[in-house]
Amino acid sequence: MFKEYDPLKNKLFNVMDKDGHIVNDKWMPQISDDQTLKAYQQMMFARKADLMTVSYQRQGRIYTYPPNYGQEAIAGGLAQELRENDWVVPAYRELGLWLAKGATLKEVFLYFMGYEDGSRFENATHLLPVSVPIASQLLHATGIGYEVKYHKKDEVVYTFVGDGGTSEGDFHEALNYAAVWKVPVVFVIQNNQYAISFNVKNQTSSQNLAVKSVAYGLKSIQVDGNDFFAMTRVAQEAAKTARENQEPVLIEALTYRKGAHTTSDDPSKYRSKEEEQEWEEKDPMKRLKGYLTGKQLWNDQQEEELDQQYKKEVERQFEEAENYGDYPLEDVFKYQYSEMPDILKKQMYAHQKFLKWKEGQ
Amino acid sequence: MTLVKAINNALDIKLNDNKDVVLYGEDVGYEGGVFRVTQGLQQKYGVERVFDSPLAESGIVGTAVGMAVAGMKPVVEMQFSGFAYPAFNQMISHVARMRNRSRGRYTSSMVIRMPYGGGIKALEHHSESMEAIYAHIPGLKVVIPSTPHDAKGLLISAIESEDPVIYMEPKRIYRAVKQEVSEDKFNVEIGKANVVQQGKDVTVVSYGAMMRDTQKALAMAKKAGISVELIDLRTIYPLDVETIAQSIKKTGRIVTVAEAPTSFGIGSEITAIANDEAFLHLEAPPKRVTGFDTIVPLPQGEHHYMPSPEKIYHEIEKTAKF
């Protein structure tokens with residue numbers, strides 16, 4: 001596959017057209033109808049949660065949030081291949097992956113409500129917290145890959161970056177280190193066309209983003225990230241390459257950020273309605289639904305019922321997060337070091353003393 | 001044992017102790033580092049544990065974050081502290097924050113070694129003393145040894161620490177100071193200063209390579225009949241406030257010696273400790289003997305910049321007589 005879709009050929013890998021018809025039988029992944037349906041439902045849940053989170057933000061019930069709307073098939077496809085001990089090293093727009101790894105929606109809400117406690121991920125193994133500084137997390141994935149190889153573990157490290165992140169030095173250092181060290185890391189570029197307001201066309205002179213791997217000696221592919229089956233197949237091939245050959249892989253997943261960069265952003269200022277409409281037709285949920293309904297595995301009524309059920313589930317977890325309680329002063333101090341140094345204790349006690357004084361006023 | 005040998009010995013002990021310890025950086029493997037600090041370790045422990053990294057400092061520290069998160073214990077080298085700046089984002093944004101961000105689930109427990117300081121007639125970027133920058137980053141610990149004994153004990157403690165430690169090596173005295181040091185494993189506690197010499201007139205605080213110049217100044221002070229209490233900080237952060245404060249309370253006078261710029265430096269912090277903890281005991285204004293708020297000059301001008309024993313003595317004398 002990596003030969004046939006060599007990024008130097010500038011050939012996009014896809015399997016399904018915009019209406020859900022399979023157009024590339026050769027590379028259709030081995031996946032049962034049940035599994036496909038389950039994946040669709042998980043993507044539905046991620047989309048529902050995402051859209052509701054944006055409206056919670058509009059109601060002032062949660063702080064700044066980066067929407068995932070329109071990018072669900074990337075996580076959806078990768079999740080088919082993700083194993084319990086595989087690592088996920090995210091940026092901040094990987095809601096589907098967090099959920100697939102076992103993070104709860106409540107934890108995601110806690111984080112965006114402003115509690116570090118949301119990054120504990122009590123039920124998830126090998127999932128890292130949000131990393132805000134662009135592309136810096138990719139090096140962590142490479143380092144984890146070194147550990148996996150060093151201890152001869154059967155694990156793959158998945159890590160994520162946006163299109164803008166490919167201009168950062170850490171992107172290039174991470175690819176180079178991973179290729180030199182030959183570590184099992186799958187780098188995923190979620191190319192959603194925009195780094196906040198900056199179009200990917202102006203971000204680089206390269207013909208595509210996958211091609212950046214060529215100089216570093218990594219296998220790579222440009223895939224239609226709104227095509228669930230293409231993403232699933234690429235995930236299978238990438239995981240196999242990483243797991244069996246101890247080789248890093250770069251995936252450029254072409255998608256579109258239907259929402260804003262974050263809830264503080266207004267995309268209507270920098271992109272046209274025509275462009276949004278063009279991508280609307282390639283919406284990943286619509287395409288997979290087209291496939292499922294075409295095979296009579298799914299219908300509108302089932303969708304409506306599940307949507308209502310998911311709405312209740314999201315509400316339930318949001319309410320739990322909303323009732324989480326006060327942020328204790330001690331929590332500001334106690335996770336800085338393995339043991340709280342005297343200097344920090346002193347600062348904390350001094351502040352407690354002040355609070356006591358204030359209470360007495 | 002020289003300081004270089006002591007550091008090498010500490011690395012050897014910890015590599016032998018713990019299979020999760022790995023050592024890497026630019027030229028640290030085959031060549032044993034540009035100062036030969038890691039000499040012989042690759043031959044002893046193999047290329048998977050002691051190795052040369054591609055030439056990219058952010059890459060070195062960033063990958064170490066991943067290794068630490070996955071449970072390894074990376075000890076990485078920045079070839080010179082002046083080359084560490086490309087790794088700042090990783091240090092500040094991740095090394096220092098991973099424990100807090102994940103509420104203790106993951107840590108970035110690692111040691112970042114870097115030779116620092118001037119006085120070696122070097123090219124630009126090879127002479128600065130930027131410990132205050134690291135000390136200002138919540139989540140990091142910063143240590144600077146001044147003797148082979150402390151270099152070994154502090155490095156062993158740093159590698160055993162669950163917290164990330166910036167370990168700054170006074171390269172000017174890498175080979176200039178020799179000391180009997182046990183070949184066995186021992187620790188010097190991070191966070192504890194060393195009262196090197198008891199005295200009653202003036203407290204002098206220093207660390208790293210400047211300890212040597214300070215001791216020369218103390219010999220002059222002794223001749224002049226001034227009794228100096230000398231403290232070697234050993235740990236820059238967290239500072240041993242108690243030891244410093246007690247000494248100031250005893251002598252009522254404090255002089256700090258460092259080769260870093262004056263403003264916002266370690267000496268400024270110690271002056272603040274004098275104010276906060278010992279104000280009513282002060283007999284003289286707290287003084288700082290440091291470099292200037294300038295770029296360290298190239299070798300022909302460096303003698304203007306580096307505090308000399310005479311300059312240190314001069315300030316001690318003024319403070320004693322104030």
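**Sheet and chain contacts of chain B**

In the predicted model, B:T203 has B:I254 as its bridge partner in strand 11 of chain B. Strand 8 (residues 202-206) and strand 11 (residues 254-257) of chain B run parallel and are joined by three bridges. Strands of a sheet pair through backbone hydrogen bonds, in either a parallel or an antiparallel manner. Both strand 8 and strand 11 belong to an open sheet of five strands in chain B, ordered 7-9-8-11-12, in which the pairing is mixed. Strand 7 (194-197) and strand 12 (287-289) of chain B form the edges, each of them pairing on one side only. On average, and with direction ignored, neighbouring strands of this sheet are turned by 25 degrees against each other.

Two helices of chain B that pack on this sheet may be described in turn. Helix 9 (residues 241-251) of chain B touches strand 7, strand 8, strand 9 (228-232) and strand 11, and the direction of helix 9 makes about 170 degrees with that of strand 9. Helix 12 (residues 309-321) of chain B packs on the sheet through contacts with strand 8, strand 9, strand 11 and strand 12, its direction making about 170 degrees with that of strand 12.

Between the chains, 35 residues of chain B are in contact with 31 residues of chain A. On the side of chain B that touches chain A, the elements giving two or more residues are helix 3 (57-69), helix 4 (88-95) and helix 5 (98-101) of chain B, and the largest share, nine residues, comes from helix 3. By residue class, this side of chain B comprises 13 nonpolar, 15 polar and seven charged residues.

Terms used:
Residues numbered from 1 in each chain as written. Chains lettered and ligands numbered in written order. Predicted model: local features only at pLDDT ≥ 70, side-chain atom pairs only at ≥ 80, totals over all residues. Contact = placed C-beta atoms within 7 Å. Helix = DSSP H or I, 4+ residues; strand = E, 2+ residues; numbered from the N terminus. Nonpolar A, V, L, I, M, F, W, Y, C, P; charged D, E, K, R; others polar. Pairing = 2+ DSSP bridges. Axes fitted to C-alpha atoms, helices over the stretch in contact; angles between N-to-C directions.
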